[in-house]
Amino acid sequence: ALDGDPQRPIGWLMQHDSTGPLRTGYGGWRDLLTGVQFTDGRGELVTVGGITVKNVAGYDLVKFMVGSHGCFGTPVTLTLRTYRLPEAGLVAALPAAAELVSSLLLSNAPPQWMLWTAQGMRAGWLGSAREMELLAPEIEASLGTTLEDRSLDRDAAEREELLDRGQEVVRLGVAPSKLPELLFGLSEGLYAADPAFGVIWTKVPERFSDVVAELRRLGGHAVWTGRDGVRVYGVGTDARAVLERLKRLLDPDGRLPGLPFTG
């Protein structure tokens, strides 16, 4: 249940935290990854986590490796939680409303993914063909709308299309309750947002400094992935201190990429 470019190696997806809208139904990288073997800055093999979930005391280095961009080490093996591959999907076109998101998440049949765009919200359900056949009438009656049948390939293609914002993409993160406030400032309207977790994918705004200032006000952060590498904005002082300490422990000689914090 991993989001991200299917042409990329799994280790790259983990280090860049490719978590996307499937997080609603299946969890993100920090939920799916239970163990990592990696080489640190001195080339020593480090093993953390494993095939069980509760196997960590102190720092949970498994979680630190997600979205680390190679700063703490180079992955060698990953241990992942998996799910049965869905056979079919259903998609609903809905208005973008926070009340509707809450209602869907608390329903008997919550969707596996949701995305807000300037045109409204798309919600998708994934499962076996039989599950989709049984769920469709219940969901349609609940929402008062007609669902569209989707093959697994078509469902993945639609999400990829909604998230494709070109080479220079920025991912904004904020508390879900503050998501509409942040979206209001993206005047160009070229975005896709996960309303369940407060994440926005958008092309880099022309006045990016204004977006960063708004994120600071709302207590959020931004990750800019472009041709020149990765830059992370809005990491708090306490979190930065912990990450810098971990960096010194795992890469005392500075052989690995530096922490990508900016501002």
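# A guided tour of the predicted model

A search of the whole structure finds four aromatic pairs, and since what you have open is a predicted model, every contact described on this tour is a feature of that prediction.

**First stop: Tyr26 and Tyr83.** Select these two tyrosines and show their side chains. The ring centres of Tyr26 and Tyr83 are 4.9 Å apart and the ring planes stand at 70 degrees, so the pair is edge-to-face. Colouring by secondary structure will help here, for Tyr26 belongs to helix H2 (residues 23-26), while Tyr83 sits in the loop between strand S3 (74-80) and strand S4 (88-94), and the pair thus links distant parts of the chain, 57 residues apart. If you then turn on the surface, Tyr26 counts as buried at 13% relative accessibility, whereas Tyr83, at 40%, counts as partly exposed.

**Second stop: Phe208, Tyr233 and Trp224.** Select Phe208 and Tyr233 next, whose rings have their centres 5.1 Å apart and their planes at 80 degrees, so that this pair too is edge-to-face. Phe208 lies in helix H9 (residues 208-218) and Tyr233 in strand S12 (residues 229-233), so the pair ties together parts that are 25 residues apart in sequence. Both Phe208 and Tyr233 are buried. Add Trp224 to the selection, and you have one aromatic cluster made of Phe208, Trp224 and Tyr233.

**Third stop: two arginines over rings.** Keep Trp224 in view and select Arg231, which lies over the face of Trp224 at 4.2 Å from the ring centre. For a second example, move to Arg23 and Phe197, where the charged end of Arg23 sits over the ring of Phe197, 3.8 Å from its centre.

**Fourth stop: the salt bridges.** The structure holds 14 salt bridges, among them the one in which the side chains of Arg122 and Glu158 meet at 2.7 Å, N to O. Arg122 lies in strand S6 (residues 120-127) and Glu158 in helix H7, so the pair ties together parts that are 36 residues apart in sequence. Is each partner buried or exposed? Arg122 is buried, with a relative accessible area of 17%, and Glu158 counts as buried as well, at 7% relative accessibility.

For a bridge inside a single helix, select Arg217 and Glu214, whose side chains meet at 2.7 Å, N to O; these two residues both lie in helix H9, three residues apart, which is about one turn of the helix. Glu214 counts as partly exposed at 24% relative accessibility.

Then go to Arg255 and Asp253, which form a salt bridge whose closest N and O atoms are 3.9 Å apart. Arg255 is exposed, with a relative accessible area of 57%, and Asp253 counts as partly exposed at 40% relative accessibility. Before leaving this stop, select Arg122, Glu148, Arg150 and Glu158 together, because salt bridges that share partners join these four residues into one network.

**Fifth stop: the largest pocket.** About 1,300 Å³ of space lies in the largest pocket. To find it, select Asp3, Gly4, Asp5, Pro6 and Ser18, which lie nearest its centre among the 37 residues of the lining. Helix H1 (10-15), helix H7 (152-163), strand S8 (169-173) and strand S11 (221-226) are the elements that give two or more residues to this lining, and the largest share, six residues, comes from H7. By residue class, the lining of the largest pocket divides into 17 nonpolar, nine polar and 11 charged residues.

**Sixth stop: the second largest pocket.** The second largest pocket has a volume of about 880 Å³. Select Asp17, Arg30, Arg171, His221 and Val223, the closest to its centre of the 39 residues that line it. At least two lining residues of this pocket come from each of helix H3 (29-32), helix H4 (61-65), S8, strand S10 (199-203), S11 and helix H10 (237-250). The lining of the second largest pocket divides into 19 nonpolar, 13 polar and seven charged residues.

**Last stop: two backbone angles.** Stay with Asp17, placed in the loop between H1 and H2, and inspect its backbone: phi is near 45 degrees, a positive value in a residue other than glycine. Asp17 counts as buried at 13% relative accessibility. Finish at His69, in the loop between H4 and S3, which has a positive phi of about 55 degrees although it is not a glycine, and which counts as buried at 17% relative accessibility.

Conventions:
Residues numbered from 1 in each chain as written. Heavy atoms only, no water. Phe/Tyr/Trp six-rings, centres within 6.5 Å; stacked < 30°, edge-to-face > 60°. Helix = DSSP H or I, 4+ residues; strand = E, 2+ residues; numbered from the N terminus. Buried < 20%, exposed > 50% of the residue type's maximum accessible area, 1.4 Å probe, protein only. Lys NZ or Arg CZ within 6 Å of the ring centre and 35° of its normal. 1 Å grid on protein atoms, 1.4 Å probe; cavity = no way out; pocket = protein on both sides within 12 Å on 5 of 7 lines; lining within 4 Å. Points joined across faces, edges and corners; volume = space filled by probe spheres on them. Nonpolar A, V, L, I, M, F, W, Y, C, P; charged D, E, K, R; others polar.
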